Amino acid sequence: MKESERIINEVAQGFIQLDEGVSWFSALEPAQQKSVLREVVSYSMQAHATVEDGREGVVRSGVKPTANPAVMIVREPLPDRMAKIINLPHSENVKAFRVLVAAFAVADTRRRETQCKGRCGHEWHNLIL
Ligand SMILES: [Zn+2]
């Protein structure tokens, strides 16, 4: 499993705090950061994230609701909005990471508690720490 995949899922499952994920993310080069943002969006789609998850994510993210990524993640159509969040200037990368990972955590937690309840074959839901 890639480091980025592990860290994103550790945050989603509460093994590490979002702030710890942000510390890791902040140390990456801007181009790597964009690649991680694309990854979080892809996981969010797999987890069937909704704009409701986006709203809850914004609350948990520590990002102001008026910040660009926070405004965009609560609007339909979500896949399109998430793609636009990835394309924001690099200066928005950290806010984008906070909002996207927090929203993914909401969607993924629902999935773990329903479809994946008990046992599942997803490697990222069976992290051995
Ligand atoms: Zn699973």
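Visitor: What makes 33% of the 129 residues in the protein chain count as buried?

Guide: Buried means 20 or more other C-beta atoms within 10 Å of a residue's own, with those atoms placed from the backbone; 33% of the 129 residues count as buried. By the way, this is a predicted model, where local features need pLDDT of at least 70, side-chain atom pairs count only at pLDDT 80 or more, and totals for chains, interfaces and linings use all residues. Residues are numbered from 1 along each chain as its sequence is written.

Visitor: Why is the protein chain called as compact as a globular protein of that length?

Guide: The globule rule is 2.2 Å times the number of residues to the power 0.38, and the radius of gyration is taken over C-alpha atoms. The rule gives 14 Å for 129 residues and the chain has 14 Å, so it is as compact as a globular protein of that length.

Visitor: How do you know which residues of helix 4 are on the same side?

Guide: Helix 4 (a DSSP run of H or I, at least four residues, numbered from the N terminus) covers residues 51–61, and Asp53, Gly54, Gly57, Val58 and Ser61 are buried there. They cover an arc of only 140° around the axis, judged by directions from the helix axis to the C-beta atoms, so they sit on the same side of helix 4.

Visitor: And what covers the buried residues of helix 4?

Guide: Helix 5, helix 6 and helix 7 are included in that cover. Ala103, for one, touches Asp53, Gly54 and Gly57, among others; contact means C-beta atoms, placed from the backbone, within 7 Å.

Terms used
Two residues are in contact if their C-beta atoms, placed from the backbone, lie within 7 Å. A residue is buried if 20 or more other C-beta atoms lie within 10 Å of its own, exposed if 12 or fewer, and partly exposed in between; C-beta atoms are placed from the backbone. Helices (H or I, at least four residues) and strands (E, at least two) are DSSP runs, numbered from the N terminus. Lists of a residue's contacts leave out its neighbours within four places in sequence.
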